[in-house]
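Reader: I would like to learn how to read aromatic pairs and chain interfaces in a protein model. Could you take me through an example slowly?

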2 protein chains.
Amino acid sequence: MASPKHERLREVLLAEVRRLQPHDMLPTERELAATHGVSRATIRQALDHLGDLGLVYRIQGAGTFVHGTSYSKTLLLTSFSEDVRDRGMEPSSRLLAIAEEPAGDELATELDITPGDPVTTIRRLRLADGQPMCLETVRIASAKVPELDEKDVTGSLYEILEGRYGVRLTRADQLVRAVALDNKDAAALEVAPGSPAFAIHRVALDERDRPIECSDSIYRADLYDMRFTIRR
Amino acid sequence: MASPKHERLREVLLAEVRRLQPHDMLPTERELAATHGVSRATIRQALDHLGDLGLVYRIQGAGTFVHGTSYSKTLLLTSFSEDVRDRGMEPSSRLLAIAEEPAGDELATELDITPGDPVTTIRRLRLADGQPMCLETVRIASAKVPELDEKDVTGSLYEILEGRYGVRLTRADQLVRAVALDNKDAAALEVAPGSPAFAIHRVALDERDRPIECSDSIYRADLYDMRFTIRR
DNA sequence: AAGTGGTCTAGACCACAGA
DNA sequence: CTGTGGTCTAGACCACTTT
């Protein structure tokens with residue numbers, strides 16, 4: 001739990017926001033502070049958070065207002081499982097391969113380990129409501145996930161990392177490309193060769209900025225798109 | 001000018017960060033406050049900003065540290081011109097069409113105007129270092145850009161919106177898809193039909209959350225990719 | 001135990017919007 | 001002019017990491 005007062009406030013303000021219509025003005029910061037019996041700085045912190053979530057916007061001299069509808073969320077680091085559930089579908093997984101191999105130079109650099117160190121590679125077909133959606137190859141330094149085995153990789157790897165190994169991924173660098181599927185990938189994803197797809201290369205880091213996981217994913221473009229809000 | 005002290009501090013801290021190596025620890029907040037003759041709250045605000053930019057990370061009880069290299073920036077709202085310059089290339093533009101037409105229902109909804117209201121549509125081929133990179137169709141309610149004409153649309157529309165009309169775009173909702181180019185678009189972009197591309201639908205809003213611009217862009221995937229950092 | 005960032009207070013003044 | 005959000009101060013205590 002990060003902060004008791006802070007968290008409670010967030011919830012309360014969130015409920016308050018949900019009761020309002022887009023472009024409605026929230027009570028002033030001073031009012032909110034008085035109403036909730038906290039200092040204005042605390043209210044501001046909570047409102048900052050709502051702002052980060054894209055729920056409210058502020059105009060100096062005028063007030064704080066509720067955002068109109070939108071894709072709302074800024075791009076967030078999510079696991080495939082979370083992502084699919086957010087889209088209202090049920091994620092599942094088919095393990096294609098799991099192996100341990102020594103790291104090559106490039107991979108070693110990305111994972112910040114020594115070339116030759118053992119790396120566990122997991123290759124999975126990931127499905128949404130039973131439909132093949134994504135081909136995913138994840139690589140993790142074996143030292144970071146001792147005793148990981150086949151039974152563990154049917155669901156969210158992120159949950160296992162956090163639950164069993166205490167590793168929290170907090171940040172990831174992504175390179176997203178649009179590609180045409182080659183014959184092999186197309187067959188695995190059950191679409192025609194040459195179909196459009198997203199190819200995503202991702203390096204995920206923990207809260208101490210240490211690279212943990214390096215993945216390459218290929219998403220069927222007919223089933224997957226990216227929606228997000230960006231800011232100035 | 002947002003805030004004099006704040007801005008100066010940012011610069012100073014930024015310089016400080018640049019002198020350090022990844023994972024080096026910054027001076028403590030209390031030290032920084034003393035050194036720069038400001039309160040700790042002010043230092044924290046500046047460090048928060050560096051955190052948002054992805055330059056530093058903090059660990060409670062331990063310190064504030066410099067981030068390792070990465071794609072660094074979170075996805076930002078940029079114009080094509082800025083974007084291309086960031087990639088070290090020179091943007092240019094070829095006007096394909098500019099016209100004024102009444103808004104259809106769907107477009108009217110997106111731009112929050114009345115169906116039938118005049119909308120200016122600008123269709124451009126956008127190039128990077130002289131190579132066709134993107135086909136872009138922008139639509140703006142004509143009322144928001146009176147007297148806009150052909151001469152104005154050779155460069156960054158965002159600059160014109162801000163400079164001439166005082167409209168600042170601060171937020172945009174994007175829908176990104178991977179597609180295969182049809183014959184017409186492929187010809188315009190000078191690649192083979194069926195080549196992979198990004199199709200981006202964007203609605204950009206001003207600081208008061210009013211939709212200003214609605215655009216559809218098609219980017220050649222062989223020349224364009226998306227790099228960004230995401231967080232938990 | 002000492003030192004760090006995280007939260008919070010109670011006030012002050014500034015910059016800006018709007019009637 | 002009044003009221004709003006934006007910045008800032010000088011303190012306090014809490015939660016956590018590290019030694």
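Author: What follows is a conversation about aromatic rings first and the contact between two chains afterwards. Please keep in mind throughout that this is a predicted model.

Reader: How is a pair of aromatic rings described, and how many aromatic pairs are there over all chains?

Author: A pair of aromatic rings is described by two quantities, the distance of the centres and the angle of the planes. Over all chains the count comes to 9 aromatic pairs. One of them joins A:Phe198 and A:Tyr224, whose centres are 6.3 Å apart and whose planes stand at 80° to each other, an edge-to-face arrangement. This pair links distant parts of the chain, with A:Phe198 in strand β7 (residues 196–206) of chain A and A:Tyr224, 26 residues apart from it, in the loop between β8 (211–220) and β9 (226–231).

Reader: Why does A:Phe198 count as buried, and why does A:Tyr224?

Author: The cut-off for buried is under 20% relative accessible area. A:Phe198 counts as buried because its relative accessibility is 0%, and A:Tyr224 counts as buried because its value is 8%.

Reader: What pair do B:Phe198 and B:Tyr224 form?

Author: B:Phe198 and B:Tyr224 form an edge-to-face aromatic pair, with 6.3 Å from centre to centre and 80° between the planes. Both B:Phe198 and B:Tyr224 are buried. One aromatic cluster takes in residues of both chains, among them A:Phe80, A:Tyr219, B:Phe80 and B:Tyr219.

Reader: Which residue lies over the face of A:Tyr224, and which over the face of B:Tyr224?

Author: A:Arg87 lies over the face of A:Tyr224, at 4.1 Å from the ring centre, while B:Arg87 lies over the face of B:Tyr224, at 4.1 Å from that ring's centre.

Reader: How is the size of an interface given, and what area do chain A and chain B bury between them?

Author: The size of an interface is often given as the accessible area lost when the parts come together. Here chain A and chain B bury about 4,100 Å² between them, 56% of it on carbon and sulfur atoms. Of the area that chain A buries against chain B, 20% is supplied by A:Arg171, A:Ile230 and A:Arg232, more than by any other three residues. In terms of contacts, 45 residues of chain A touch 45 residues of chain B.

Reader: How many salt bridges are there between chain A and chain B?

Author: The count between chain A and chain B is 2 salt bridges. One of them is formed by A:Glu82 with B:Arg232, where the closest N and O atoms are 3.1 Å apart.

Conventions: Residues are numbered from 1 along each chain as its sequence is written. Chains are lettered from A and ligands numbered from 1 in the order in which they are written. This is a predicted model: local features need pLDDT of at least 70, side-chain atom pairs count only at pLDDT 80 or more; totals for chains, interfaces and linings use all residues. Side-chain values use heavy atoms; hydrogens and water are left out. Rings of Phe, Tyr and Trp (its six-membered ring) pair if their centres lie within 6.5 Å; planes under 30 degrees apart count as stacked, over 60 as edge-to-face and the rest as tilted. Helices (H or I, at least four residues) and strands (E, at least two) are DSSP runs, numbered from the N terminus. Buried means under 20% relative accessible area, exposed over 50%, partly exposed in between (1.4 Å probe, protein chains only). A charge sits over a ring if NZ of Lys or CZ of Arg is within 6 Å of the ring centre and within 35 degrees of the ring normal. Contact means heavy atoms within 4.5 Å. Buried area is the accessible area (1.4 Å probe) that two parts lose on being put together, summed over both. A salt bridge is a side-chain nitrogen of Lys or Arg within 4 Å of a carboxyl oxygen of Asp or Glu.
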